[in-house]
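Here is a short report on one protein chain. Look over the fold, then read the notes below.

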Amino acid sequence: MKKFFLGSLMALMTFFISCEETPPPVAYGPVPSGRQMNWQEMEYYAFIHFSMNTFTDIEWGYGDKDPALFNPTELDTRQWAKVIKEAGMKGVILTAKHHDGFSLWPSEYTDYSVKNSPWKNGKGDLLKELSEACKEYGLKFGVYLSPWDRNHPDYGKPEYITYFRNQLKELLTNYGDVFEVWFDGANGGSGYYGGANENRSVDRKTYYDWENTYKLVRELQPNAMLFSDAGPDTRWCGTEEGWVGETNWSTLNRDEVWPGFPDYHELRYGHEDGTHWVPAEVDVSIRPGWFYHQSEDHKVRTLPEMLDIYYNSVGRNATLLLNFPVDPRGLIHETDVERVMELAKSLEADFKDNLAKKAKVTASQVRGNAKKYNADKLTDGNKDTYWVTDDAVTDATVTLDFGEPTEFNRLLIQEYIPLGQRVQEFSIEAFVDGSWKELAKATTIGYKRILRLPTVKATQLRVHIKQSKACPVISNIEVFRAPKVYAKPDITRNKQGIVTIASADEELELFYTTDGTPPDVNSIKYEGPFELFGKANVKAIAVDPITAQKSPITLESFDIARKKWQLLNIDDKNAERILDGLEKTSWGQSAEKLPIDLTIDLGEDVKLKGFKYLPDQNRWSSGIVFDYEFYTSTNGKNWKLQNKGEFSNIKNSPIWQTKTFDVVKARYIKLRALRNTEGNKKAGYAELTVITE
């Protein structure tokens, strides 16, 4: 009996010792460097576009503008830093020199800089001011230096590379620590080039001798991340619309990619078999343009759009670089500040209470049954611990038991990427009313993946790793109950007279009226698109069916439907976009010279008393009509001028333009574009409609 007891005790001790000595998994594939890990953990930081283009109202300067145009009257980098800090961002990257070659610091190597501007009598240094503001507010500082210079006479020649590197040295030695150096992929084309006014092309693969340029950065700022299409440290996400692929590998076949890489769509997803660790950065502007344009004051992204950007960037294993187009005063515009603070408040609410902290966590398998790899490491708040399975196990589950029915709609999950990115496919399930229900399925995880789930009340949540390149190594799981987003519903009516109402949150119920009275839960419940041919004021509201909280009311005023309308003398089917009821779609026409007529058959006689024109809302407009004439006809042959003039300030404020006249009976209308805002031979339209008696 004694021998049996001692033998059992020794066996048990051997078991526990072997468990504690279970070796960790070896790294799989490429892994991040120390600087890449530090950068990845920043997650969210700011871009600032502010330069000569701010004062010329263009996006890509030609390099020929007088430095005297650069003269902000209220420039305050502390305002920038304060906004960025309070918005929850960790750093800022400044466009020190954009493609036009204008330098925001008094560069020793060019006269095309702030030293020849009236700002601070040529004594200003924007890089210095912002770097000091960053130190004051605890932000990291980064620089953007365009490889393309449309001002410099030597661009395209070997001598330019020396100039480029000299400027780079100035940026990396005079302003303290730099966390990221940003190189744009736009290279070569037309430019001023010291007065040559010509087109210059370069071989993007070889011209810049990137290898030695990168070495220079490593020598001067060893902790700085290097950004370009190809990295080498972080890559472009392949789009400027604020998202990266749902499948997003942090690995890339780096030697196959270069700045200006033509197959940029690959950058949205990375390469599953990538040879190097080159994670994605999502660069997107809070407005359509990168530089400030007064005409975009009404186009600042909405809160639902901003939330989509966050969840489709940070929530998809990327970092988010959100751009602020600083205005000519030298300030982040009030509307932009309001929107980014709304985003900060909303994200704070989304991730306020981590429900996983109170859950009991178990796993279907644990590496060597060792405690240090147990599933409870997923919720211990330590980024350096993790749950992992045996090497041979690549299909496993983790279950969180809340102990009671619990509502949730967000899941945050992280791989321990110092050992590589592994997971290829996983799903989320909830235990509801005695059975498991699949809520979502996804592919990659990486540093961080956040899933927006349907709101569900369940006692348990299960994460099923279905496929992994090697044993899954998961460091963190968090669960949240995010509040609803009570944004105004969108109301649209198409050419056929079909009205659609949509909410940013699909779980909210919609109610509407068509007589202009305020809607409430006793109004008509929106069940789907409906017909509405006549004049009406449609109001809609979104309501949470559980809490009864409401969104603000949306109002859309419709005149007669355009079902019978026909565009005359136009063969292009895309022209129907003018009548589709969607402000984001557009169509344009051009001619050898203006005027250009847009003629429409209304399909029946109506009593008109005006018209409404919405110009092209795209970033690159196809022609905003400025001077116009508006005609009516009963037969399409004999025309009578009803109204003429200009759409005042339409360039700076391209919103709906409303013009009225005395009531007239007509079947045909004609909008004649006499001149546009750009002085070219185009006329662009997002929408055109009439005002009836």
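## A buried glutamine

A residue counts as buried when its relative accessible area is under 20%. In this predicted model, Gln617 has a relative accessible area of 15%, so Gln617 is buried. Gln617 sits in a loop, between strand 29 (596-614) and strand 30 (625-633).

What does the side chain of Gln617 reach at 2.9 Å? The partner is the backbone oxygen of Pro615. A second backbone oxygen, that of Pro654, lies 2.7 Å from a polar atom of the Gln617 side chain. Setting aside neighbours within four places in sequence, Gln617 is in contact with His298, Lys299, Glu583, Pro654 and Ala686.

## The barrel

Eight strands close into a barrel. Their order is 1-2-3-4-7-8-11-12, and the pairing is parallel. On average, neighbouring strands of this sheet are turned by 25 degrees against each other, direction ignored. In general, strands of a sheet pair through backbone hydrogen bonds, either parallel or antiparallel.

Strand 1 (residues 44-49) and strand 12 (residues 319-325) run parallel and are joined by six bridges. Ala46 has Leu322 as its bridge partner in strand 12. Helix 4 (residues 77-86) packs on the sheet. Helix 4 touches strand 1, strand 2 (91-97) and strand 12, and its direction makes about 140 degrees with that of strand 2.

## Nonpolar cores

Nonpolar side chains tend to be buried together in soluble globular proteins. Here the largest nonpolar core holds 105 residues. Which of them touch the most other members? They are Trp80, Leu127, Val181 and Phe324. Helix 6 (residues 158-173) gives the most to this core, with seven residues.

Take Leu127 as an example. Not counting residues up to four places away in sequence, Leu127 touches Leu94, Ala96, Leu104, Trp105, Phe141, Val143, Leu171 and Tyr175. Another core, of 42 residues, lies apart from the largest one. Its members include Tyr373, Val398, Ala442 and Ala458.

## Confidence

The mean pLDDT of the protein is 95. A value of 70 or more is reached by 97% of its residues.

Where does the pLDDT fall below 50? Residues 1-7 form one such stretch, and in the model this stretch has zero contacts beyond near neighbours in sequence. Over residues 9-19 the pLDDT also stays under 50. For residues 9-19 the model has three contacts beyond four places in sequence.

Key: Residues numbered from 1 in each chain as written. Predicted model: local features only at pLDDT ≥ 70, side-chain atom pairs only at ≥ 80, totals over all residues. Heavy atoms only, no water. Core = buried A, V, L, I, M, F, W, Y, C linked by side-chain atoms within 4.5 Å. Buried < 20%, exposed > 50% of the residue type's maximum accessible area, 1.4 Å probe, protein only. Helix = DSSP H or I, 4+ residues; strand = E, 2+ residues; numbered from the N terminus. Contact = heavy atoms within 4.5 Å. Polar contact = N/O pair within 3.5 Å; in protein donor to acceptor, adjacent residues only side chain to side chain. Pairing = 2+ DSSP bridges. Axes fitted to C-alpha atoms, helices over the stretch in contact; angles between N-to-C directions. pLDDT = per-residue confidence, 0-100.
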